[in-house]
Amino acid sequence: MANNQGSVFVVCGPTAVGKGTVLKEVFRRGTNLWYSVSATTRPARPGEIDGRDYFFVSNEEFDALVAAGDMLEWAVVHKVHRYGTPRKPVERAMEAGKTVILEVDLDGARQIRKTMPEVKQIFIAPPSWEELKARLIGRATECAEEQARRLETAKTELDAQGEFDVVVVNDSVADATEQILHILGISE
Ligand code: 5GP
């Protein structure tokens with residue numbers, strides 16, 4: 001392994017916890033960071049761009065990636081669509097000495113813990129269950145059925161937060177960003 005090999009961090013957290021907002025701020029302020037764009041069978045939402053937000057693939061394309069061993073991990077999220085981390089871009093970013101961020105669900109985090117035990121795992125938690133519900137309902141991007149499914153997943157995820165190396169409570173985006181930058185070893 002080369003000396004300048006970059007390190008990898010997993011970021012996990014329930015729906016609507018504000019992962020996207022916090023990570024955007026972390027990437028704005030941090031240097032040498034590299035975000036792993038996942039592949040998913042979920043259709044793109046309005047405004048999402050293929051290759052930037054996700055690689056939007058068909059079920060057949062996803063099957064082929066898995067069969068070829070091209071997924072570092074993958075999981076069925078919220079019981080519906082498959083999401084996975086393409087392996088080669090991550091390996092290239094590590095070789096280039098980047099600090100790699102993998103945003104994955106609980107299942108994916110568990111797989112990475114087995115295959116890459118050296119990877120530090122960060123869990124982003126809401127200040128409270130009530131606040132999480134309010135954020136999910138408030139953003140109004142999912143129908144009631146999908147909201148219920150996401151809250152069900154969120155319960156399981158919150159119950160598992162003790163498995164993670166560090167828990168960051170997203171009380172304020174600024175504080176959560178600060179804590180994550182510190183965990184990544186980025187000081188300004
Ligand atoms: P959304 O559909 O809201 O974009 O994402 C739903 C969830 O899928 C995210 O909260 C994240 O936990 C999970 N996810 C996104 N990318 C990956 C991935 O590459 N692997 C796994 N295991 N989960 C992912």
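In what order do the strands of the open sheet of five strands lie, and with what pairing? In this predicted model, the order is β2-β7-β1-β8-β9, and the pairing is parallel. The edges of this five-stranded sheet are formed by β2 (33-35) and β9 (166-169), each of which pairs on one side only. On average, and with direction ignored, neighbouring strands of the sheet are turned by 25° against each other.

Within this sheet, strand β1 (residues 8-12) and strand β7 (residues 99-103) run parallel and are joined by four bridges. One residue of this pairing is Val8, whose bridge partner in β7 is Val100. Helix α3 packs on the sheet, where the helix touches β1, β2 and β7. The direction of α3 makes about 155° with that of β7.

Four further strands, in the order β4-β3-β6-β5, form an open sheet with mixed pairing. Because β4 (55-56) and β5 (71-77) stand at the edges with a single partner strand each, one side of each is left without a neighbour in the sheet. Helix α3 (residues 87-95) packs on this four-stranded sheet as well, in contact with β5 and β6 (81-86). Here the direction of the helix makes about 30° with that of β6. Strand β3 (residues 39-40) runs parallel to β4, and two bridges join the two strands. In this pairing, Ala39 stands opposite Phe55 of β4.

The surroundings of the ligand were examined next. Around the ligand there are 17 residues, of which Lys19, Ser38, Arg42, Tyr54 and Tyr83 come nearest. For Tyr54, a polar side-chain atom lies 2.6 Å from an oxygen atom of the ligand. Arg45 likewise places a polar side-chain atom 3.0 Å from a ligand oxygen atom. A nitrogen atom of the ligand takes part in a further polar contact, at 2.8 Å from an N or O atom in the side chain of Asp105. On its own, the ligand has 510 Å² of accessible area, and the protein covers 93% of this area.

At the level of the chain, an unreviewed UniProt entry places the feature "domain: Guanylate kinase-like" at residues 6-185. In the model, this span is 43% helix and 22% strand. The end C-alpha atoms of residues 6-185 lie 12 Å apart.

Definitions and conventions: Residues numbered from 1 in each chain as written. Predicted model: local features only at pLDDT ≥ 70, side-chain atom pairs only at ≥ 80, totals over all residues. Heavy atoms only, no water. Pairing = 2+ DSSP bridges. Contact = heavy atoms within 4.5 Å. Axes fitted to C-alpha atoms, helices over the stretch in contact; angles between N-to-C directions. Near = heavy atom within 4 Å. Polar contact = N/O pair within 3.5 Å; in protein donor to acceptor, adjacent residues only side chain to side chain. Areas by Shrake-Rupley, 256 points an atom, 1.4 Å probe, with all protein chains shown as cover. UniProt positions renumbered as here; feature names shortened; annotations may be inferred.
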